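Here is a quick tour of one protein model and its ligand. We'll look at a few backbone oddities, the binding site and the cysteines.

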Amino acid sequence: MDINTIRKETRGCTDKIFLNSAGSSLVPDTVFNQMMNILTEEAQIGGYAVAGLNQQGIDEFYIEAAKLLNCAPENMSFQTSATDAYAKAISSIEFKAGDIILTTDDDYVSNQLSFLALKKRFGIRIIRAANLPDGDLDLVAFEELVRVHQPKLVALTHIPTSSGLIQAADEVGAICRKYNVWYLVDACQSVGQLVVDVQKMGCDFLTATGRKFLRGPRGTGFLYVSDRALEAGLAPLIFDMVGAEWTSVDVYTLVPTAKRFEFWESSIAGRLAFKEALKYANHIGMANIEKYNADLMAQFRNQLGQIKGLHLQDRGTHISSILTLTMDHHTTEEIAARLREHNVYFSLSTIGSAMINFPKKKIKNAVRLSPHYFNTPEELEKVVAILDF
Ligand SMILES: Cc1ncc(COP(=O)(O)O)c(C=O)c1O
């Protein structure tokens with residue numbers, strides 16, 4: 001990985017220390033240029049003509065997304081966000097009263113809200129699997145829950161929004177395959193950061209957004225759908241003329257690919273720019289990115305861990321590039337003010353997104369730092385010095 005070139009190609013990274021890739025990252029110049037070029041063309045000739053001229057680029061989106069996840073382009077669909085993808089995936093399952101969704105304490109806030117909405121409307125049951133004392137999912141207990149309850153759906157967030165924990169998505173997938181249960185993975189925080197392989201995971205659906213570790217534009221995302229789910233005829237509750245063909249007055253036929261989960265309208269600039277972001281990640285190589293990030297974070301965590309009274313709040317055997325921290329002698333607001341003063345970009349995680357996780361840690365909020373491969377060890381050393389106050 002040529003970090004100097006990567007930084008040169010990231011116009012936003014030179015005048016600040018940007019540690020918010022878990023929020024909305026900095027796009028590479030190729031993504032920015034693509035977006036601007038398409039918008040400029042649209043201003044000249046209109047959106048439909050531009051889409052027509054760029055059909056090849058639009059098709060390449062599926063190829064790059066498939067390459068990233070190790071599947072076929074036919075298993076990929078474009079979505080406008082991770083939540084858009086998630087809502088469509090979950091709507092494809094015909095829940096009835098008493099059906100069970102098995103999930104975890106660390107699943108994303110909006111996913112938990114959608115489970116609660118299904119509970120209210122259809123009378124489904126939600127079971128949340130227990131964690132081991134070190135924060136990892138208890139896989140033995142998890143398998144037992146699957147065996148005993150035969151859930152309709154297992155829903156797992158690979159990396160939560162407000163902690164660095166990496167959940168055992170492959171191992172959970174093996175359990176789902178053994179018991180033949182639909183398996184939905186929220187990989188919003190893991191794609192672009194780690195190698196994510198849907199074959200290894202054995203998932204039926206995988207959702208992600210463009211703007212985070214994938215470094216794409218806002219308003220983009222994708223949904224992977226397995227052959228198993230497509231062949232079983234799963235389709236979103238509401239689809240449109242991309243997802244199905246209206247074959248006679250009262251009849252429709254679903255398209256055979258994951259495009260049945262797509263809507264017709266979307267930003268072509270966004271799609272093409274997202275394709276550039278995927279191409280960029282594939283070109284650098286996810287294994288290289290994962291390795292660089294792991295080394296960067298090991299050093300960062302180690303250095304921060306030496307600051308007296310600073311608590312790294314992330315638990316689990318495998319921890320990602322999301323780092324959450326609190327301090328004994330400063331409130332989260334004081335730490336935030338200090339970071340802003342030094343031009344460090346970051347996020348705050350609050351209990352509203354971690355209703356189960358934060359009370360266990362006896363915290364209400366935390367500072368979230370999420371470096372990525374355009375960051376350098378020197379930048380992070382500066383942040384350590386800034387936080388030693
Ligand atoms: C784990 C996780 N899942 C899903 C989402 C939702 O993504 P989007 O805002 O693109 O719908 C987020 C956003 O922070 C997230 O962190």
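Helices and strands here are DSSP runs, numbered from the N terminus, with a helix needing at least four residues and a strand at least two. Keep in mind that this is a predicted model.

**Backbone spots worth a look**

With that naming in hand, start at N180, which sits in the loop between α8 (169-179) and β6 (182-186). Its phi is positive, near 55 degrees, and N180 is not a glycine. As a reminder, most residues other than glycine have a negative phi. Is N180 buried or exposed? It counts as exposed, because its relative accessibility is 64% and the cut-off for exposed is over 50%.

K362 is another non-glycine residue with a positive phi, about 60 degrees. You'll find K362 in the loop between α14 and β15 (365-369), and at 76% relative accessibility K362 counts as exposed.

Then there's helix α7 (residues 139-149). At its start, a side-chain oxygen of D138 comes within 3.2 Å of the backbone nitrogen of V140. After α7 comes Q150, with a positive phi near 45 degrees.

Helix α14 (residues 357-361) holds N357. N357 is buried, because its relative accessibility of 12% is under the 20% cut-off. The side chain of N357 makes a polar contact of 3.2 Å with the side chain of D106.

**The ligand site**

Which residues come nearest to the ligand? Out of 13 residues around it, those are T83, D186, T209, R211 and K212. By type, the shell divides into 4 nonpolar, 6 polar and 3 charged residues.

For anyone setting up a pose check, here are some side-chain distances to the ligand, each taken to an N or O atom of the side chain:

| Residue | Ligand atom | Distance |
|---|---|---|
| D186 | nitrogen | 2.6 Å |
| Q189 | oxygen | 2.9 Å |
| Y108 | oxygen | 3.5 Å |

How much of the ligand does the protein bury? Taken alone, the ligand exposes 390 Å², and the protein buries 90% of that. D186 turns up twice here: D186 is among the residues that come nearest to the ligand, and its side chain has an N or O atom 2.6 Å from a ligand nitrogen.

**Cysteines**

How many disulfides does a search of the whole structure find? The count is 0. Recall that a disulfide is a covalent bond between the sulfur atoms of two cysteines.

Why is C71 not bonded to C203? The closest cysteine sulfur to that of C71 is in C203, but the two are 8.9 Å apart, so they are too far for a bond; the cut-off used for a disulfide is 2.5 Å. C71 counts as buried, at 16% relative accessibility.

C188 is in no disulfide either, and its nearest cysteine sulfur, again that of C203, is 14 Å away. C188 is buried too, with a relative accessible area of 11%.

**What the record adds**

An unreviewed UniProt entry annotates residues 17-383 as "domain: Aminotransferase class V". Over residues 17-383 the chain is 42% helix and 17% strand. The C-alpha atoms at the two ends of that stretch are 8 Å apart.

How values were computed:
Residues are numbered from 1 along each chain as its sequence is written. This is a predicted model: local features need pLDDT of at least 70, side-chain atom pairs count only at pLDDT 80 or more; totals for chains, interfaces and linings use all residues. Side-chain values use heavy atoms; hydrogens and water are left out. A residue is near a molecule or strand if one of its heavy atoms lies within 4 Å of it. A polar contact is a pair of N or O atoms within 3.5 Å; within protein, one must be able to donate a hydrogen and the other to accept it, and residues adjacent in sequence count only if both atoms are side-chain atoms. Accessible areas come from the Shrake-Rupley method with a 1.4 Å probe; for residues, only the protein chains shown count as cover. Ala, Val, Leu, Ile, Met, Phe, Trp, Tyr, Cys and Pro count as nonpolar, Asp, Glu, Lys and Arg as charged, and the others, Gly among them, as polar. UniProt positions are given in the numbering used here, feature names are shortened, and annotations may be inferred rather than shown by experiment. Buried means under 20% relative accessible area, exposed over 50%, partly exposed in between (1.4 Å probe, protein chains only).
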